[in-house]
Every structure is written in C-alpha cells, then in structure tokens.
Amino acid sequence: MNWLFNVFNNFLIFIRMIKLLDLLKEISFNTLFSKTPQPYKSRASNISVKLKTIGKNIYFYQTTTKDATENRVHNQVIRPLPKKQAGDAIAKIYPIKNINDDVAVWCDCKDFTFENEYILWKNNASRIVNSNGQPPTIKNPLRLTKLCKHLVAVLPDFKRRIGQSTPAPTPPKPSAPITSDNPKASK
Ligand SMILES: [Zn+2]
C-alpha cells in the first residue's frame, strides 16, 4: 500500500506546482490592452482623462464618462511590479519606463469589479479590493483577461507620460540632389 500512498503524494505535489505557476504570472499594460476585446476599446472614446497624482511610481487617474446615460467619475491606479535589474540581488520597484513593463492596475467601476478584478488578480496584475474574490460566473464567464473602458481610456495619456507615445508619422524628407559635392546622397 506504500506505493499507492507515494503516487497519491506525488499527485498532490504536482497539483500544488500547477497552482504555484500562478505566482509566476505577470502582465504588462500593453498586453492587457491587446487582450481587451474591441467593444471595450470602442467604449473608451467618450471618456475624459485626468492624472490626479503620481505617487511614488504609482499613477492615480480620474476619468469622466460623458454620454446621455452616464456622467460618472471613476478612479484608476497603475503601479509597477517589482523587478530585477543588473546588479540587484532582489526585485525592486522601478518607475515604469516602458509600456511592456509588468504592472498592477485597479479601477473602482462595476465592470472592473465584477468582470476583471479576479482574473487580473490571478495574473498578479491586481489585488482583490472591490470584489468578493470569487471567479466571475455571470459576467465574463469565459474569464477573458481584459481592461475596463476607463483603463483603456487612460492608456494614451499614460504612454505619453512614460515617453512611449507613438509619434505621428513624419513626412518623408525631400531627397538630397545627387551631385559630385554630395557623394553620400547617391548611396
Ligand atoms: Zn473602470
């Protein structure tokens, strides 16, 4: 019977390892945005965005949705996750410099609470603050990893502040005339 106990024990260890893999997950704001289905992105168009404060590397935003049915103010938070840079013995908090840096996010809206918070928490991209910490069964039963429309709306401002906004395409420069004084222009 001892062998049966060993098999069972190994099985329990295996299950635990699978659960522990959740600890390794991290996700960037950019990836969260790309995973968000288009309808949520479209809904972000009539939201005005204001940066309230940058705490110690933590961005606090306030957004206002303006349309016929809603004129609501919501609050968002984006903060960096600890990471190791060259020479670091342990992971530290660094200011977010890249849209592909891993982050934790939060919003106080209903969509975030009932659709996103649990799933983001499972990706180490949020904490359980608003919700009861149970998986969403009615809203978002497929457990899509996504942002609420407010966090989508914040993205362009956030990118600009960390110096990652996509510059407008520059018109091509008129090509230099090819002359003997300017031999490089022919290359
Ligand atoms: Zn929201």
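Strand 1 and strand 2 run antiparallel and are joined by 7 bridges. Strands here are DSSP runs of E at least two residues long, helices are runs of H or I of at least four, and both are numbered from the N terminus. Two strands count as paired if DSSP finds at least two bridges between them. One of the pairs puts Ser48 opposite Thr64 in strand 2. The two strands make a hairpin with 4 residues between them, and Asn57 in the turn has a positive phi of about 65°.

A word on what you're looking at: this is a predicted model, in which local features need pLDDT of at least 70 and side-chain atom pairs count only at pLDDT 80 or more, while totals for chains, interfaces and linings use all residues. Residues are numbered from 1 along each chain as its sequence is written.

**The sheet**

Zooming out, 4 strands form an open antiparallel sheet in the order 1-2-3-4. Strand 1 (47–54) and strand 4 (103–107) are the edges, each pairing on one side only. From one strand to the next the twist averages 20°; axes are lines fitted to C-alpha atoms (for helices, over the stretch in contact), with angles from 0 to 180 degrees between N-to-C directions. In the middle, 6 bridges join strand 2 (residues 59–65) to strand 3 (residues 73–80), and Gln62 has Asn75 in strand 3 as its bridge partner.

The loop between strand 2 and strand 3 holds Asp67. Asp67 counts as exposed because it has 11 C-beta neighbours inside 10 Å. The cut-offs are 20 or more other C-beta atoms within 10 Å for buried, 12 or fewer for exposed, and partly exposed in between, with C-beta atoms placed from the backbone.

**Out in the open**

Two elements have no buried residues:

| Element | Residues in element | Residues buried |
|---|---|---|
| Helix 1 | 23 residues | 0 residues |
| Strand 1 | 8 residues | 0 residues |

Helix 1 (residues 2–24) reaches 34 Å from its first C-alpha to its last, close to the 33 Å expected; that expectation is 1.5 Å times one less than the number of residues.

**The core**

The largest nonpolar core (buried Ala, Val, Leu, Ile, Met, Phe, Trp, Tyr and Cys residues joined through C-beta atoms within 7 Å) has 25 residues, and Ile78, Val103, Val105 and Leu151 touch the most other members. Helix 5 gives the largest share, 6 residues. Helix 5 (residues 149–161) lies across strand 1, strand 2, strand 3 and strand 4, at about 65° to strand 1. Beyond four places in sequence, the contacts of Val103 include Phe29, Ile78 and Ala125, a contact being two backbone-placed C-beta atoms within 7 Å.
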